[in-house]
Amino acid sequence: MSFVDSLLAGLSLVSNFEVFLALAVGVAIGVVAGAIPGMSATMAVALTLPFTFTLQPVTGILLLLGVYKGGIFGGSIPAILIKTPGTPASSATVMDGHPMAERGEAGRALGMALWASCTADLVSNLSLILFAGWLASFALNFGPPEFFTLILFSLTIIAGVSGNSLLRGALSALLGLLFATVGLDLIYGTNRFTFGDPNMMGGLNFIAVLIGLFAIPEVLAMAWHPTGHLGKTRSLGKNKVTFADYKKSFRSIIRGSFIGVFLGSIPGIGAAPAAFLSYSEARRKSKNKENFGKGEVEGVAAAEAGNNGVAGATLIPLLALGVPGDVITAIIIGAFMVHGLQPGPMMFVINVDLIYGLFIGLIVSSVLLLFIGSAAIRGFKYVADIPRRILIPTVLILSIYGVFAVNNNVFDVGVMLVMGWVGYLMMRLDVPAPPFLIAFILGPLLEDNFRQAMLMSGGNPTILMRGPITWFFWGLTAITVFAILKTGMSKPKPALKQPELATQNES
């Protein structure tokens with residue numbers, strides 16, 4: 001299909017009210033979830049995932065992407081008003097956003113956060129459209145050896161989502177790899193760790209593991225500490241963001257957007273590092289650098305541009321290579337799998353209409369974020385005051401319903417509850433959950449491609465070093481591992497800490 005034909009095919013998929021409504025609802029859910037201390041964009045996407053099973057593929061996937069994008073912006077609202085980032089990505093926004101709120105300029109800070117978020121989101125979406133197709137066409141040359149080395153390199157994502165301790169992240173990943181081996185061996189048909197239970201022959205249900213790992217531990221933490229400390233909510237004030245403010249911050253917004261795009265396209269970096277790097281660059285180049293940290297509107301713009309620039313870019317490795325760019329896109333893979341779709345270069349051949357439909361929907365989501373975000377800013381006080389006695393059972397009911405709806409199997413609910421306690425124990429021990437999920441997803445792909453390569457070569461391991469593509473990924477893996485070890489050795493050992501209620505560790 002030509003570009004125009006592909007564009008028209010994608011437009012026909014998304015030009016209906018159901019898709020538009022799904023996008024709007026998704027953005028709204030994400031903004032609300034991001035604005036509730038104790039929730040997160042990751043948890044919101046995980047809880048929304050089961051509701052996409054009965055929808056058309058493009059509708060369901062865009063619903064999740066709307067939640068993702070709304071959640072990243074939503075975290076800035078409590079960061080500015082009550083000095084409590086709704087998501088880790090909003091941590092940098094606190095530094096100038098809350099001082100502005102204390103001066104009575106919360107409305108101005110939130111307005112700048114919204115405009116910077118929408119601008120960066122648009123830049124990120126356009127980058128996805130321009131680069132994903134090119135990368136996918138290159139990846140069509142991949143066979144099992146090439147995919148094995150790619151996935152091996154992708155496992156270095158774990159270092160980026162391991163928090164302060166690389167050792168704990170590695171232990172979490174090893175546990176994820178172990179859990180991924182449960183079920184029937186696809187090569188020889190051998191049962192592995194099934195303990196004679198037919199329910200385990202198909203492996204652990206991905207949705208049950210996902211929701212159990214990310215939603216249930218938060219429910220247990222909120223139940224264990226029902227009164228989390230929240231700062232005093234600041235009024236919006238009479239000052240609003242002006243075009244002069246936007247013009248003054250425009251260079252920092254564009255710079256932060258491209259920083260977010262670059263870091264987001266590298267699997268495992270995440271939004272929080274992009275926000276801090278964007279903020280530091282804006283401060284370094286600003287004429288008002290002495291005002292940063294004291295309530296500088298350009299600082300808010302830079303931080304929000306950095307974290308929202310990541311949102312579209314994380315889909316570049318997901319769509320082009322089938323590798324999740326961060327924890328949230330790892331969850332979104334579940335929506336593709338449920339609908340029988342395998343993200344990767346072949347999607348640009350077989351499902352090109354879906355790809356372009358997603359591109360168009362993402363552009364629309366940037367516009368919707370502007371309007372829904374404006375409404376959310378005014379209604380934040382109602383969102384922040386949701387009582388724990390309502391929030392906890394609601395999340396628990398949604399979790400149980402979502403897992404049961406996949407296969408109508410109570411066993412899956414049991415898996416979710418067990419994984420919930422595993423996740424809570426990991427939280428108490430400060431063992432990060434994202435490496436577990438990344439390894440759980442990539443482990444089977446790594447094993448299958450390795451064994452296929454061995455079958456192709458009759459057991460000769462030199463096939464894993466054929467051609468320039470495999471050597472390229474072996475080189476990247478070696479360089480990355482060396483950099484990780486060097487950085488890890490220079491870090492001080494972190495102290496054991498209690499789990500935070502306000503946020504879940506996410507990339």
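Is serine 172 buried or exposed? Select serine 172 to find out: its relative accessible area is 1%, and because buried means under 20%, this residue counts as buried. Bear in mind from the outset that the model on your screen is a predicted one.

**The whole chain**

Before going further into single residues, colour the chain by secondary structure, which comes to 24 helices and two strands. Of the 507 residues of the chain, 57% count as buried, and among contacts with a separation of 6 or more, 81% are made by residues 24 or more positions apart.

**Serine 172 and its surroundings**

Return now to serine 172, whose place is in helix 10, residues 166–180. If you display its contacts and leave aside the neighbours within four places in sequence, you will find Met426, Val431, Pro432, Ala433, Pro435 and Phe436. The last of these, Phe436, leads to the next stop.

**Phenylalanine 436 and phenylalanine 440**

Select helix 23, residues 434–457, in which phenylalanine 436 and phenylalanine 440 are four residues apart and are therefore separated by about one helical turn. An α-helix has 3.6 residues a turn, so residues three or four places apart point the same way. Both phenylalanine 436 and phenylalanine 440 are buried. With planes under 30 degrees apart counting as stacked, how are the rings of phenylalanine 436 and phenylalanine 440 arranged? Their centres are 6.3 Å apart and their planes lie at 10°, so the pair is stacked.

The count of aromatic pairs in the model comes to eleven. For another aromatic group, select Trp115, Tyr246 and Phe250, which together form one cluster.

**Helix 4 and glycine 60**

Move next to helix 4, residues 57–74, and place a distance between its end C-alpha atoms: they are 26 Å apart, which agrees with the 26 Å that its 18 residues should span at 1.5 Å a residue. Showing the surface around helix 4 will reveal that this helix is mostly covered, with 17 of its 18 residues buried.

Within helix 4, pick out glycine 60, which counts as buried because its relative accessibility is 0%. Not counting residues up to four places away in sequence, glycine 60 touches Thr52 and Leu55. It is also worth drawing a line from glycine 60 to phenylalanine 336, since these residues are 276 apart along the chain and yet their C-alpha atoms are separated by 9.1 Å.

**Two helix crossings**

For the first crossing, show helix 6, residues 91–102, together with helix 15, residues 297–313, whose axes come within 8 Å and cross at roughly 145°. Helix 6 passes helix 15 in a left-handed crossing. To see the contact itself, select Ala92, Thr93, Asp96, Gly97 and Met100 on helix 6, and Val297, Gly299, Val300, Ala303, Glu304 and Asn307 on helix 15. These residues divide into five nonpolar, four polar and two charged.

For the second crossing, show helix 3, residues 41–48, and helix 11, residues 206–214, which pack at an angle of about 145° with their axes 10 Å apart. Here too the crossing is left-handed, as helix 3 passes helix 11. The residues that meet are Thr42, Met43, Ala46 and Leu47 in helix 3 and Leu210, Ile211 and Phe214 in helix 11. By class, this contact of helix 3 with helix 11 has six nonpolar residues, one polar residue and no charged residues.

**The loop before helix 11**

Stay with helix 11 and step back into the loop that connects it to strand 2, residues 191–192, where you will find phenylalanine 193. Phenylalanine 195 lies in the loop between strand 2 and helix 11 as well. Most residues other than glycine have a negative phi. Phenylalanine 193, although it is not a glycine, has a positive phi of about 55°, and phenylalanine 195 likewise has a positive phi of about 55°. Turning to their side chains, phenylalanine 193 is partly exposed, with a relative accessible area of 46%, whereas phenylalanine 195 is exposed, with a relative accessible area of 72%.

**Last stop: arginine 428**

Finally, select helix 22, residues 410–428, and go to arginine 428. Arginine 428 is partly exposed, with a relative accessible area of 26%. Draw one more line, from arginine 428 to alanine 221: the two residues are 207 apart along the chain, and their C-alpha atoms are separated by 9.2 Å.

Methods
Residues are numbered from 1 along each chain as its sequence is written. This is a predicted model: local features need pLDDT of at least 70, side-chain atom pairs count only at pLDDT 80 or more; totals for chains, interfaces and linings use all residues. Side-chain values use heavy atoms; hydrogens and water are left out. Axes are lines fitted to C-alpha atoms, for helices over the stretch in contact, and angles run from 0 to 180 degrees between N-to-C directions. A crossing is left-handed if the near helix is turned anticlockwise from the far one by less than a right angle, and right-handed if clockwise. Contact means heavy atoms within 4.5 Å. Ala, Val, Leu, Ile, Met, Phe, Trp, Tyr, Cys and Pro count as nonpolar, Asp, Glu, Lys and Arg as charged, and the others, Gly among them, as polar. Rings of Phe, Tyr and Trp (its six-membered ring) pair if their centres lie within 6.5 Å; planes under 30 degrees apart count as stacked, over 60 as edge-to-face and the rest as tilted. Buried means under 20% relative accessible area, exposed over 50%, partly exposed in between (1.4 Å probe, protein chains only). The expected span of a helix is 1.5 Å times one less than its number of residues.
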